[in-house]
Amino acid sequence: MTNQGFRSNPVSIDEKKALDRLLALLAIKGPTGHEKAVAEHLTRELMSLGVPASAILVDDAPSRIPVFCEVGNLIVRLDGVLGGPRRLFCAHMDTVPLAAGADPVVREGRIYPKGATALGGDDRCGVAVLLTMISELKRGNLPHGPLTFLFSIREESGLLGAAAVRAEALGLPATGFNFDGGIPEDVTVGATGAMRMNFTVHGIAAHAGIHPERGVSAVAILADAVHRLEQAGWHGLIRAPEGSGTSNIGVVQGGDATNVVTDRIILKGEARSHDRRFLERIVTAYREAFHHAATDHRNEAGACGRFDMEVEDSYTAFALPQDAPCVQAAVRAVASLGLTPRLRISNGGLDANWLTSLGIPTVTLGCGQHEIHTTSEYVALDEYLVGCKLGLSLAVGTVP
Ligand SMILES: [Zn+2]
């Protein structure tokens, strides 16, 4: 990235304040489901910037989310003096649990966590971008059209906050811009879809020392099923002639004692693909592998194991057309900063999945977060500042 484009760009921001804002946000603990301290910090900041209390609301999303939520989505609506369709800007307030307690330090143009935690630049960078946009709009008294800012909850636990938000509460925006990425050149126009798979594997219990031949081991069925999936290329990274995707069994629970043939194991897994039909094909491969593994394991009386499988959608894949107004606006905004926009598809789910399916076509933009969900996470400060300018240029409509 070069700094050349900045000179020709009409949008300027107070970079020192933008950096301080990000550092303050990174220091707030807010693992997924526990975003209250972040929401309270934002509310204080917004009021001090002159945003009226009547423009700030916390929605009732927790009443539609089946797991504990400390607070709802924080929504800010600014009407502005210019007309035109309403634009939505969003970022998620929560971090992965690994980022809890992060102590951010600035070193050579980057922010790192001081200890062995993640940083939480995912997605405090996006939150700081939105707050900087509002600050600059207020500070410069910049004319703008109708804008909505969504600070969502529980993104990291399955996009639950965005899934539960109501378009009416957002003021029915026409387009959306989600700040939750790394390199500002990247305009993410689509994302993968995912399905959750929950299994219960049933074996037959027996004394493992006295009569193991009377039992059927659920552990052996699991091992056999995973071996079949691995052999056929359906486990982990999947590259088949008819499609691609990923799958994983991430949670395994079961067994009580070493002297009992294990009769029950509970498994939680997931499958992801951009292609809905291929996603279903992956799920079918899992069903077949467990079916064969269960029926192939029998005790001396000929009784075999069995399994139950529940499948549900986590989120739906989407891909915006290149001529969608939000894609066009994002591409022009990136180019106006002297950068070369690149359209891409994400392999992870995004709040944009739900916002787009809600009728708000949403692109996802970069704001400097890197190596997310790891203890090597860092924020590239120049990219974060570009993200702030990108957001501001989209808010004031200097980009036609
Ligand atoms: Zn994120």
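This is a guided tour of one predicted model, stop by stop, with selections to make in the viewer.

**Before selecting anything**

Residues are numbered from 1 along each chain as its sequence is written. Because the model is predicted, local features need pLDDT of at least 70 and side-chain atom pairs count only at pLDDT 80 or more, while totals for chains, interfaces and linings use all residues.

**The whole chain**

Show the protein chain as a cartoon. Its secondary structure comes to 10 helices and 18 strands; helices (H or I, at least four residues) and strands (E, at least two) are DSSP runs, numbered from the N terminus. Along the principal axes, the C-alpha atoms fill a box of roughly 80 × 40 × 40 Å. Of the 400 residues, 49% count as buried. A residue is buried if 20 or more other C-beta atoms lie within 10 Å of its own, exposed if 12 or fewer, and partly exposed in between, with C-beta atoms placed from the backbone. Among contacts between residues at least 6 apart in sequence, 77% join residues at least 24 apart. Two residues are in contact if their C-beta atoms, placed from the backbone, lie within 7 Å.

**Stop 1: helix H2 and its two partners**

Select residues 15-26, helix H2, together with residues 381-396, helix H10. Their axes come within 11 Å and cross at roughly 105°. That makes H2 roughly perpendicular to H10. Axes are lines fitted to C-alpha atoms, for helices over the stretch in contact, and angles run from 0 to 180 degrees between N-to-C directions. Angles under 35 degrees count as roughly parallel, over 145 as roughly antiparallel, 65 to 115 as roughly perpendicular and the rest as oblique.

Show side chains at this contact: Glu 15, Ala 18, Leu 19 and Leu 22 of H2 meet Leu 381, Tyr 384, Leu 385 and Cys 388 of H10. By class, the contact of H2 with H10 has 7 nonpolar, no polar and 1 charged residues. Ala, Val, Leu, Ile, Met, Phe, Trp, Tyr, Cys and Pro count as nonpolar, Asp, Glu, Lys and Arg as charged, and the others, Gly among them, as polar.

Keep H2 and add helix H4, residues 121-139; these two pack at an angle of about 140°, with axes 9 Å apart. H2 and H4 are therefore oblique to each other. The crossing is right-handed, meaning that the near helix is turned clockwise from the far one by less than a right angle. Residues of H2 in this contact include Lys 17, Arg 21 and Leu 25, and those of H4 include Arg 124, Ala 128 and Leu 131. By class, the contact of H2 with H4 has 8 nonpolar, 3 polar and 3 charged residues.

**Stop 2: strand E3**

Select residues 87-92, strand E3, where 6 of 6 residues are buried. Arg 87, Phe 89 and Ala 91 lie on one side, with Leu 88, Cys 90 and His 92 on the other. Next, add strand E6, residues 147-152, which runs parallel to E3 and is joined to E3 by 6 bridges. Two strands pair if DSSP finds at least two bridges between them. Leu 88 has Thr 148 as its bridge partner in E6. Then add strand E7, residues 175-179, also parallel to E3, with 4 bridges; here Cys 90 stands opposite Asn 178.

From Arg 87, go to Ala 169: their C-alpha atoms are separated by 13 Å, although the residues are 82 apart along the chain. Ala 169 sits in the loop between helix H5 (160-164) and E7. Is Ala 169 buried or partly exposed? It is partly exposed, with 18 other C-beta atoms within 10 Å. Not counting residues up to four places away in sequence, Ala 169 touches Asp 59 and Ile 75.

**Stop 3: the five-stranded sheet**

Now find the open sheet of 5 strands in the order E10-E11-E12-E9-E13, with antiparallel pairing. The edge strands, each pairing on one side only, are E10 (236-240) and E13 (306-315). The twist averages 20° from one strand to the next. E10 and strand E11 (residues 243-254) run antiparallel and share 5 bridges, and Leu 237 has Thr 246 as its bridge partner in E11. Helix H6 (residues 218-232) packs on the sheet, touching E9, E11 and E12, and its direction makes about 20° with that of E12. Helix H7 (residues 276-296) also packs on the sheet, touching E9, E10, E11, E12 and E13.

**Stop 4: strand E8**

Finish at residues 186-191, strand E8, where 5 of 6 residues are buried. E8 pairs with strand E15 (residues 342-346) in the parallel sense over 5 bridges, with Arg 344 as the partner of Thr 188.
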